[in-house]
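Reader: I have a model open and would like to go through the labels attached to it. Could you take me through the reasoning behind them?

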Amino acid sequence: MKGLIDIHAHILPGVDDGASDFQESVRMLKSAYRQGVRCVIATPHYHRNHFHRNPERTMEALQKIRGWLREHLPDTVFGQCHKVGFVH
């Protein structure tokens, strides 16, 4: 794979404090692509008292982004993990 890798992207729409909607996610992906990014790792927040903890919503957003990428930027790899916050 050629290109840059973004390993920390709050790009899933409406999931955390990143992209507020799908169109903002698309703008972020297009901007990253223009800058040479060819792999994006979505890292939504996961903290029991912070942001949304809806795995169905997260998976729906992930699939929507993957579908858009397959159609518009097929040479971009897209993955997901969670940014986990711990409170002592």
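Author: Gladly! Helices here are DSSP runs of H or I with at least four residues, and strands are E runs with at least two, numbered from the N terminus. Counted that way, this predicted model has two helices and five strands. Starting at the N terminus, their order is β-α-β-β-α-β-β.

Reader: How do you know which element has the lowest mean pLDDT and which the highest?

Author: pLDDT is the predictor's confidence in each residue, from 0 to 100. Averaged by element, strand β5 (residues 83–84) comes lowest at 62, while helix α1 (residues 22–34) comes highest at 97. For the chain, the average is 86, and 83% of the residues score at least 70. A word of caution: where pLDDT is low, the predicted coordinates should not be read in detail.

Reader: What makes β1 and β2 a pair, and in which sense do they run?

Author: Pairing asks for at least two bridges found by DSSP. Strand β1 (residues 4–9) and β2 have four, in the parallel sense, so they meet the criterion. Asp6, for instance, stands opposite Val40 in β2. Between these strands the chain passes through α1, and this β-α-β crossover is right-handed. On to β4: β2 pairs with β4 over four bridges too, again in the parallel sense. There, Ile41 has Gly79 of β4 as its bridge partner.

Reader: Why is β2 described as mostly covered?

Author: Buried means under 20% relative accessible area. In β2 (residues 37–42), five of the six residues are buried. Across the chain of 88 residues, the buried share is 38%.

Reader: Why is Thr76 called buried or exposed?

Author: Thr76 has 11% relative accessibility, so it counts as buried, the limit being under 20%. Thr76 sits in the loop between α2 (55–72) and β4 (77–80). Setting aside residues up to four places away in sequence, Thr76 touches Tyr33, Arg38, Cys39, Val40 and Leu69.

Reader: And Ala19, what makes it buried or exposed?

Author: The relative accessibility of Ala19 is 0%, so Ala19 counts as buried. Its place is the loop between β1 and α1. Beyond its neighbours within four places in sequence, Ala19 has contacts that include His10, Pro13, Glu24 and Met28. Ala19 and Ala9 are 10 residues apart in sequence, with 9.5 Å from C-alpha to C-alpha.

Reader: How do you know that Arg38 lies over the face of Tyr33?

Author: The distance part of the test needs CZ of Arg within 6 Å of the ring centre, and the charge must also lie within 35 degrees of the ring normal. Arg38 is listed over the face of Tyr33 at 3.5 Å from the ring centre. Likewise, the charged end of Lys64 sits over the ring of Phe22, 4.4 Å from its centre.

Reader: How many aromatic pairs does a search of the whole structure find?

Author: Zero! A pair would need ring centres within 6.5 Å, and the search of the whole structure came back with none.

Notes
Residues numbered from 1 in each chain as written. Predicted model: local features only at pLDDT ≥ 70, side-chain atom pairs only at ≥ 80, totals over all residues. Heavy atoms only, no water. Phe/Tyr/Trp six-rings, centres within 6.5 Å; stacked < 30°, edge-to-face > 60°. Buried < 20%, exposed > 50% of the residue type's maximum accessible area, 1.4 Å probe, protein only. Contact = heavy atoms within 4.5 Å. Right-handed = clockwise from strand over helix to strand, strands pointing away.
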